[in-house]
Amino acid sequence: MIKKIFLFFLFFLGFLTRLYKINSPLADWHSWRQADTAAVARNFVKNGYDLLHPRFDDLSNVASGKDNPLGYRFVEFPVYNVAHALFFQATERLVSFEVAGRLVTIFSSLISAFFLYLIVKNLLSEWLGILAAGFYLFLPFSIFYSRVILPDQTMLMFTLGSVWFLYFWRRQKEGGKNNQIIFAISLLMSALAILTKPYALFLLFPSWLVIFKPKDFVWASFYIFFSFLPFVLWRIWMRQFPEGIPANQWLFNLEGIRFRPAWWRWLFAERLGKLILGYWGVIFLGLGIIFRISGFLKESLFYAWLVGIFAYFSVFARGNVQHDYYQIIILPVLAVFLAKGVWFLVGFSSKNIYRIFAFGLAVICLIFSLGFSWYEVRGYYQINHPEIVEAGKIADKILPKEAKVIAPYNGDTAFLYQTNRQGWPVVGEPIENIIKKGATHYVSVNFDELTLKLIKNCDVLVKSERWVIIDLKTCQNLK
């Protein structure tokens with residue numbers, strides 16, 4: 001009973017920590033990627049749920065290298081975006097659109113932590129399951145990325161759920177009961193995980209290798225085929241819309257960074273050691289990897305995950321170095337080995353005096369780890385450019401709903417998102433050309449040469465010391 005109460009307390013506290021600055025504008029860390037994700041959901045709310053033609057706000061050629069006049073956004077299948085839009089429509093009198101998206105991510109992360117608890121509990125022990133869930137819930141990096149508008153936590157929810165139900169099916173099958181409903185649930189969650197973000201394969205594939213046995217060849221073939229089928233069909237479909245597919249070749253090995261010293265430093269020192277584990281957590285991770293708590297067969301799933309994560313780092317070498325949110329997928333793997341490391345350290349000696357010392361050392365390492373990691377992560381919540389939020393709110397208030405806006409922000413769509421209009425996040429060609437493509441208004445927070453020229457030759461709708469909104473339909477003599 002104590003374990004259940006402690007587990008409930010962990011999840012309740014985990015939920016509360018994720019409410020930190022939940023009402024902040026969508027202008028915090030990686031707001032450009034969040035804005036693109038949120039815009040797809042917002043356009044579902046505005047225009048209806050056309051899942052085969054997801055659209056965001058950017059009409060420029062920045063993402064794909066091709067003009068995108070309809071604003072197509074073909075990346076992952078919009079599972080998360082639909083959940084965001086539906087949740088907002090169900091709660092719009094209670095929460096804002098951005099808060100609705102963050103709550104979807106929060107609930108996804110809590111469910112992920114619960115599936116992780118179930119997996120570790122059944123393979124190792126209940127206390128280790130609680131410890132693993134605790135690390136997943138309270139690593140500062142995990143807290144921040146469990147309340148952003150990104151699909152990664154939803155992908156992990158489906159991934160861990162799929163692994164748990166597949167393991168449960170395997171265990172029942174060995175007991176003489178072939179529960180096909182459990183098998184079907186696992187298969188559905190596997191397919192949804194890959195659709196949500198195909199990176200899920202780096203956890204799913206190692207899990208399949210461990211859980212399926214040679215005698216399960218038919219079941220495994222059926223499972224893997226239908227896990228991939230929706231994703232393959234989606235990829236075939238989206239090839240019809242190249243203007244909506246962002247450039248992605250750079251993710252693999254741009255500038256040959258894979259396995260170079262910079263790759264090792266950024267991923268294993270800066271991100272893993274410093275940002276996520278706050279230096280001191282490396283002690284727990286190292287102990288968890290080196291020492292086994294149970295038999296190898298029971299722990300083989302977690303070591304398979306570890307290999308999968310290294311493969312993920314290697315395949316998407318540049319993506320992982322470029323953006324820290326690519327490391328969200330490693331959180332459940334880290335949580336398991338951190339839990340093992342703490343458990344081994346505390347239970348290393350049977351002598352009480354040494355156990356007390358080990359417990360004290362574990363507490364100190366844990367406090368330092370979380371403290372130093374929080375020192376790195378705390379800046380992620382900051383709004384460094386509140387002027388884009390202020391200007392965007394005014395633009396949304398005064399501009400026609402059908403307006404097409406130029407909101408130059410070096411190609412970053414976070415500013416354009418604030419205007420609640422489609423348009424262009426950069427002036428990458430003569431502005432007369434963009435006007436011919438349909439641009440009706442110009443919103444700027446930078447009084448550069450172009451903005452001053454437009455102020456002189458066009459009607460200014462609203463102007464402050466930090467931003468200006470200009471009617472491009474009234475411009476004269478721009479050449």
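Two residues are in contact when heavy atoms of theirs lie within 4.5 Å. The exercises below use this term for a predicted model.

**Exercise 1. What share of the contacts in the chain with a separation of 6 or more is due to residues 24 or more positions apart, and how many residues are buried, as a percentage?**

Solution.
Step 1. Take the contacts in the chain with a separation of 6 or more: 72% of them come from residues 24 or more positions apart.
Step 2. Turn to burial, for which the cut-off is under 20% relative accessible area. Of the 479 residues in the chain, 54% are buried.
Step 3. Add the surface. The chain exposes about 21,500 Å², with 65% of it supplied by carbon and sulfur atoms.

**Exercise 2. How many helices and strands does the chain have, and what does its radius of gyration say about it?**

Solution.
Step 1. Count the elements: the chain holds 21 helices and 5 strands.
Step 2. Compare two values. The radius of gyration is 25 Å and the globule rule gives 23 Å for 479 residues; these are close, so the chain is as compact as a globular protein of that length.
Step 3. Give the extent along the principal axes: the C-alpha atoms fill a box of roughly 85 × 50 × 50 Å.

**Exercise 3. In which order do the strands lie in the sheet, and which strands stand at the edges?**

Solution.
Step 1. Read the order: the 5 strands form an open sheet, S2-S1-S3-S5-S4, with mixed pairing.
Step 2. Find the edges. Strand S2 (423-424) and strand S4 (459-463) each have a single partner strand, so one side of each has no neighbour in the sheet.
Step 3. Look at the pairs that involve S5. Strand S5 (residues 468-471) pairs with S4 in the antiparallel sense over 4 bridges, and Asp459 stands opposite Asp471 of S5. S4 and S5 make a hairpin, with 4 residues between them.
Step 4. Strand S3 (residues 441-444) is also antiparallel to S5, joined to it by 4 bridges. Here Val443 stands opposite Ile469 in S5.
Step 5. Check the faces of S5: Val468 and Ile470 on one side, and Ile469 and Asp471 on the other, are all buried, which leaves both faces covered.

**Exercise 4. Where is Val460 found, and which residues is Val460 in contact with, leaving aside its neighbours within four places in sequence?**

Solution.
Step 1. Val460 belongs to strand S4.
Step 2. With its neighbours within four places in sequence left aside, Val460 is in contact with Ile455, Val468, Ile469 and Ile470.
Step 3. The relative accessibility of Val460 is 33%, so Val460 counts as partly exposed.
Step 4. Val460 and Trp29 are 431 residues apart in sequence, and their C-alpha atoms are 31 Å apart in space.

Note on methods: Residues numbered from 1 in each chain as written. Predicted model: local features only at pLDDT ≥ 70, side-chain atom pairs only at ≥ 80, totals over all residues. Heavy atoms only, no water. Helix = DSSP H or I, 4+ residues; strand = E, 2+ residues; numbered from the N terminus. Rg over C-alpha atoms; globule rule 2.2 N^0.38 Å. Buried < 20%, exposed > 50% of the residue type's maximum accessible area, 1.4 Å probe, protein only. Areas by Shrake-Rupley, 256 points an atom, 1.4 Å probe, with all protein chains shown as cover. Pairing = 2+ DSSP bridges.
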